[in-house]
Amino acid sequence: MKSPRIHQFEINGEKLVFDVESDTLHQVDDLAWKVMSLLDAGYPVGRIKEILADEYFTQDITETLEEINYLQQQDLLWGSPLETTGTSESMVKALCLNIAHTCNLSCRYCFAGEGSYGGEDSLMSPEVGKVAIDFLLDNSGGRKRLEVDYFGGEPLLNFETVKETTAYARQRARETGVEFGFTLTTNGLLLTEDVINYLQAEGFSVILSLDGRKEVHDRMRRSPGGDPSYEKVKERLLNFLARWNGNYYVRGTFTSYNLDFSKDVAHMVDLGFRNISLEPAVSSPEDDWALSQKDLPYLEKEYERLAEYYLQKLHEKDPFDFFHFAVDLDRGPCVYKRLSGCGAGNEYLAVTPTGELYPCHQLVGDESLCLGNVRQLPNFIPPSSEAFPPAGPLHGKCASCWARYHCGGGCRAAARLVNGSFHQPYELECALQKKRLECALYIKSKINEKSTTC
Amino acid sequence: MKHIRPVNSEKVARETVGCRECPTSCQSACKTSCTVGNQVCVQMEKVKPNNRGGVKI
């Protein structure tokens with residue numbers, strides 16, 4: 001199938017053309033839209049002039065073709081294909097430390113079997129945490145920036161191991177000259193003053209789980225005994241927000257029960273949060289909260305509504321950051337990064353409380369994908385492409401997608417959960433990713449329009 | 001230009017290829033921190049800093 005080199009789309013009457021290879025965006029009028037469409041379909045210039053002659057003045061058509069020609073010469077339309085000779089050598093850069101295979105909530109949509117990943121409840125010992133840090137350093141190939149994400153279950157149920165592992169990493173950083181970035185993902189219930197002070201002092205990035213409106217949050221996020229958690233979580237998160245002076249995101253999940261999720265984002269904004277992410281639930285099609293293709297038209301319009309809300313807040317000089325709209329066209333990833341796709345099983349690995357390695361946190365517990373143990377592997381060997389096929393813009397269906405350099409090839413774990421295969425992309429995820437990118441680009445165009453007309 | 005207005009003219013960074021110091025990518029919906037297209041090139045960030053305020057990606 002042909003790889004698209006431009007993508008034309010329209011939101012709220014705004015006609016936009018995205019050049020896939022150069023990552024540039026263009027606002028166009030009706031005439032330019034039609035000319036580009038015909039050029040992309042392979043029509044010769046002479047024929048295009050004939051087709052449009054009844055509708056437009058010859059001078060306007062000629063001007064448009066000259067503008068297109070100029071942008072082509074600048075490599076900003078039908079840009080030259082991305083290619084790199086970058087190395088494919090495996091080097092681990094990031095570890096997801098499953099610090100606690102247990103949780104103080106029992107969320108219905110939890111992919112981790114409500115925290116235990118289908119096994120017994122368990123906690124990572126400080127000793128395993130330290131060995132994991134050594135493993136990361138030994139297999140990082142000399143990289144200077146390494147990442148450690150404390151994950152669970154609920155990682156704050158094992159705060160001592162978080163602290164000891166971090167202290168050890170700091171010590172090794174001083175010895176080796178590397179820089180560690182630490183992230184902690186928490187449901188917020190154990191965010192006490194002491195914990196907040198510690199995370200602040202250590203420069204953590206924190207991801208806080210909140211689904212939005214009370215009824216939305218409490219439908220899915222309840223205690224193991226079935227009690228709602230919204231009020232307690234809200235109290236903890238607002239206390240965090242009042243004291244925090246660092247990087248954070250409030251991150252929620254939407255399901256088939258709240259397709260109107262822009263209201264949940266607005267609720268988070270109203271609470272005072274300014275760094276927000278809301279993600280579609282990934283679940284088996286049989287689950288009552290599962291999203292499906294029939295929801296897609298509504299969800300696409302909902303992302304457009306969210307984009308308008310985003311712009312409204314921006315114009316009110318009360319902006320917020322929505323993760324999927326934060327696309328930086330001027331400072332985005334380099335060619336190598338865009339071509340390398342998802343890092344799972346290669347640059348990024350998950351570690352269980354007992355030190356077992358998996359390609360990513362979503363695949364923990366699938367013994368067929370266990371890659372060994374941090375205590376027994378001085379040299380990490382990535383999984384074979386048969387066991388865990390590669391993802392990215394050059395592979396499979398992704399090669400014919402206009403969003404290929406932004407997406408990373410989709411989540412292979414989600415694809416297998418929904419389709420039973422790593423090879424078949426999860427189509428709903430792809431559609432939502434593309435819609436989010438369109439909305440992000442639309443926002444860029446509106447911001448640009450305002451900045452150039454004021 | 002009259003019919004086409006480029007929103008950005010900064011192309012994909014082809015010259016800062018493969019320092020491999022940018023954050024690792026993962027597409028899982030439960031990990032907000034690491035989608036490819038939302039990342040900022042660490043080399044470009046040195047040249048054009050822009051404090052976004054969210055999780056460092």
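Reader: What angle do α1(A) and α3(A) pack at, and how far apart are their axes?
Author: In this predicted model, the angle is about 65 degrees and the axes lie 10 Å apart. Axes here are lines fitted to C-alpha atoms over the stretch in contact, and angles run from 0 to 180 degrees between N-to-C directions. Local features need pLDDT of at least 70, side-chain atom pairs need 80 or more, and totals for chains, interfaces and linings use all residues. Residues count from 1 along each chain as written, chains are lettered from A and ligands numbered from 1 in written order, and side-chain values use heavy atoms, without hydrogens or water.

Reader: Which residues make the contact between α1(A) and α3(A)?
Author: From α1(A), A:Leu31, A:Ala32, A:Val35, A:Met36 and A:Leu39 meet A:Asp60, A:Ile61, A:Thr64, A:Leu65 and A:Ile68 in α3(A). Contact means heavy atoms within 4.5 Å.

Reader: What makes residues 58-73 of chain A a helix?
Author: A helix is a DSSP run of H or I with at least four residues, numbered from the N terminus (a strand is E, at least two). α3(A) has 16 residues. Its C-alpha span is 23 Å, close to the 22 Å expected, that is, 1.5 Å times one less than its number of residues.

Reader: Why say the buried residues of α3(A) line one face?
Author: Buried means under 20% relative accessible area, exposed over 50%, partly exposed in between (1.4 Å probe, protein chains only). A:Asp60, A:Ile61, A:Thr64, A:Leu65, A:Glu67, A:Ile68 and A:Leu71 are the buried ones. Their arc, taken from directions between helix axis and C-beta atoms, stays within 160 degrees, so they line one face. On the other side, A:Thr58, A:Gln59, A:Glu66 and A:Gln73 are exposed.
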